[in-house]
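Here are some notes for a colleague who is about to look through the coordinates. They are arranged as numbered points, each on one topic.

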Amino acid sequence: MLNRLLGKGSYESFDMRCMVTGQFSVGKTTLVKLLAGEIIPEGRHPTDGISLVEGRCGLDIQSKEWILVDPDSYNALDVVYSKVLMTSLEEEEESELTKKFIKASDTSPTGYAKATLSSLPSEQSAAAQSLPSTKSSNVPHTVKQMEKKMRTRMTKEEIRKKMEKVLKSGKYKMKVGRLIFWDFGGQYVYLTTHQTFMTFRALFPVVFDGSKDLHEQVPDVMCFPGQHMTPTPAVFLQYWVNSILTYCKVVYAGIPKILFVATHKDKVPTEIIETRREELYRGIEDLFEDHEGKHHLVLRPLIFVNAKDQADPEIEVLKKTITELTFDHPCWGERMPNACVPLELEIAELVAEGKQIMSLAEVKELNAISEVSVLSPEQLTDFLHFHHSLGKIVYFDTPLLRDNVIISPLLMVEVMRSFITDIAFWPKKGLIRNTFERMSGSGIIQRKDLYLIWQQKHFSKISPYKEFIFDMLIHLDILSEQRRYDITTGSRLPVENFFVPCMLTQRNDTRFMTHECTPEKAISLAFVFKGTIIPPALPNRLISACLSMWTVKTYEEKQLLFSGFVGLSFDKAHDIVVCVEGNKILLYIIHVASNGLIVPDIATGIKECMYTTLERISEFYKSTVSSSSQKLPFHIEYACSRLECHISEEAALTTDEWICEEHKIVHTKDKWNIWNQDQV
């Protein structure tokens, strides 16, 4: 796809995302603001979903110097045209204005270079946050004058003409590469949404509180569904590493890189800081000693910072480490097609003006009016898919979604946080508060409730596209239809309720598993994942998919729908349970009377349906823990007669007899044939 677009020439692109992850309340936001040269707020301010910081800093391509950008002079349209005005210079000559401009910037006493960052605004800030005017007053007055003169002297048409000239020359020379910080909220409810934005084209600093022991209990926090363990910093480190390596596609060996950053150094006595650092390093090394993704981890240097102190020398160590990892990243300096630039610029300008969604017809029209490069229909399709992979747009080529293109991925951040949000951000009272309380208790929301949320002023940009966005959320399994059937006719009833799995925090408190899902009535298998912790999005997406196929079972006047657990009715005699236990997703098939009466074709069909669904979910977010991109991150194991021990599927199908050592039970091959009618 990219090779076809590169046929018309290419340029080197320098653009890197730093996706800052980690447990909640460990100082991620404070650290990001410090790195970007922003004012550090007093007190704790939890992040609602994801916060983006862009247009604040970058890296000089030649000197590798970390450059802070004066926020008072940052303008989104500057970014749009930066390839032309600053970075897209002909090899033969460089404008005198640019030379003077760069020279003046280099003399800035504050270290703020008034440079326009090179690349397009793939992620535009919702609102540019400015530092106090005292900051900008330190920038040389001559630089401000030149910047103003450059903007007023060149009209859009003149800029476009220069752009066309540079494009036709096919020569680009970028001066400053962009660093874009994605600050991920660490609360449980957000964990299902983050994978939508993760990419191998990024660095992943994982932040944790270095003043606490790795195995010290984190108070007042719910652990992940099915994880019968004490929530500790080590558990969260394992979760984030597993999530990153599950959701990032396999392209380059050892990519993405995961950098550990310890905070709260100020809470550790000065005389034991180095001892504490070594303890943390050894603890992390032991934690991931046998992890298949160990080659992705950056363990040295183990950076231990006081994120509230700009003078902390380890902040410079962190910057240097990020810089080195960025320049070593195979996507830094990646060749991009010249043919795409005109359409990129047109779209980027619309984003800068506030537009977030375009119809496919509008995109085609923009492409057609280009005076430099008009993409063919096939190339335009490639353009959309490629830029979706870059994270610059969101486009799914499916029947319900292909007629619209989200040109500002920030819109998806707003969509997610509109209804997937921590209790700290709920309205204090009113109908919307009631909606959030119902979701927390049942995981259910109705279409009209979500539309009501989007009518709020701060979500007004979502409302005009509410039907398209709703279909998008269903496609991503963030929302799932909850099917209902007429008990008399068996016909399907109109969908009223939709399941939001990550908002459901209640655990299974019924007697169903002990009274109905017994060894006498049930058979079981397990989808076993690598690592100790399954990212919640995987079972949540599976449960969502199950709800679109079968109806939730009611038992003792309760619907069997809980965090990491769902009970489903297949027919009058058979029920299904899907639940998370440790690193396994367990599937049970239960017969109302005896497991000997389970219909083999039904068991085989359910197994194949679940396998295919998990395969699709895994393909959606390719795992990097395997060297082979074709290898799935899970395998199947069958349960013994007690429903406790497991044997691998390969062994079950090739071993005539297996003895469960713990229960001293002899199993024969035909015990598992019920799951595999095609093997009989």
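Is Y611 buried, partly exposed or exposed? The first point takes this up, and the others follow with further local features of what is a predicted model.

1. Y611 and its partner. With a relative accessibility of 27%, Y611 counts as partly exposed, because that class covers values between the 20% limit for buried and the 50% limit for exposed. F634, by contrast, has a relative accessibility of 7% and therefore counts as buried.

2. Aromatic pairs. Searching the whole structure gives 17 aromatic pairs. In one of them, the ring centres of F24 and F236 are 6.3 Å apart and the ring planes stand at 90°, so this pair is classed as edge-to-face. F24 belongs to the loop between β2 (15–22) and α2 (28–35), whereas F236 belongs to helix α9 (residues 233–247), so the pair ties together parts that are 212 residues apart in sequence. F24 and F236 are both buried. The rings of Y611 and F634 also form an edge-to-face pair, because their planes are at 70° with the centres 5.5 Å apart. This pair, too, links distant parts of the chain, since Y611 is in helix α21 (residues 600–620) and F634 is in strand β23 (residues 634–639), 23 residues apart.

3. An aromatic cluster and a lysine. Four residues, Y451, W454, F470 and F498, make up one aromatic cluster. One of these cluster members, Y451, has K466 lying over its face, at 4.7 Å from the ring centre.

4. R300 and the bond that follows. The charged end of R300 is placed over the ring of Y281, at 3.5 Å from the centre of that ring. R300 is also joined to P301 by a cis peptide bond, for which omega is about -5°, and P301 is part of strand β8 (residues 297–304). For anyone examining this part of the model, the charge over the ring and the cis bond can thus be looked at together, as both involve R300.

5. A further cis bond. The peptide bond that runs from I255 to P256 is cis as well, with omega near 10°. P256 is located in the loop between α9 and β7 (258–263). As background to this point and the next, most peptide bonds are trans, and most residues other than glycine have a negative phi.

6. Positive phi outside glycine. K64, although not a glycine, has a positive phi of about 60°; its place is in the loop between β3 (50–60) and β4 (66–68). The relative accessible area of K64 is 46%, so K64 is partly exposed. L643 is likewise not a glycine and has a positive phi of about 65°, and L643 sits in the loop between β23 and β24 (646–648). L643 has a relative accessibility of 13% and so counts as buried, in contrast to the partly exposed K64.

7. A pair of histidines. H296 is situated in the loop between α10 (273–287) and β8. With a relative accessible area of 2%, H296 is buried. The side chains of H296 and H295 are joined by a polar contact of 3.4 Å, and this contact counts even between neighbours in sequence because both of its atoms are side-chain atoms.

Terms used
Residues numbered from 1 in each chain as written. Predicted model: local features only at pLDDT ≥ 70, side-chain atom pairs only at ≥ 80, totals over all residues. Heavy atoms only, no water. Phe/Tyr/Trp six-rings, centres within 6.5 Å; stacked < 30°, edge-to-face > 60°. Helix = DSSP H or I, 4+ residues; strand = E, 2+ residues; numbered from the N terminus. Buried < 20%, exposed > 50% of the residue type's maximum accessible area, 1.4 Å probe, protein only. Lys NZ or Arg CZ within 6 Å of the ring centre and 35° of its normal. Polar contact = N/O pair within 3.5 Å; in protein donor to acceptor, adjacent residues only side chain to side chain.
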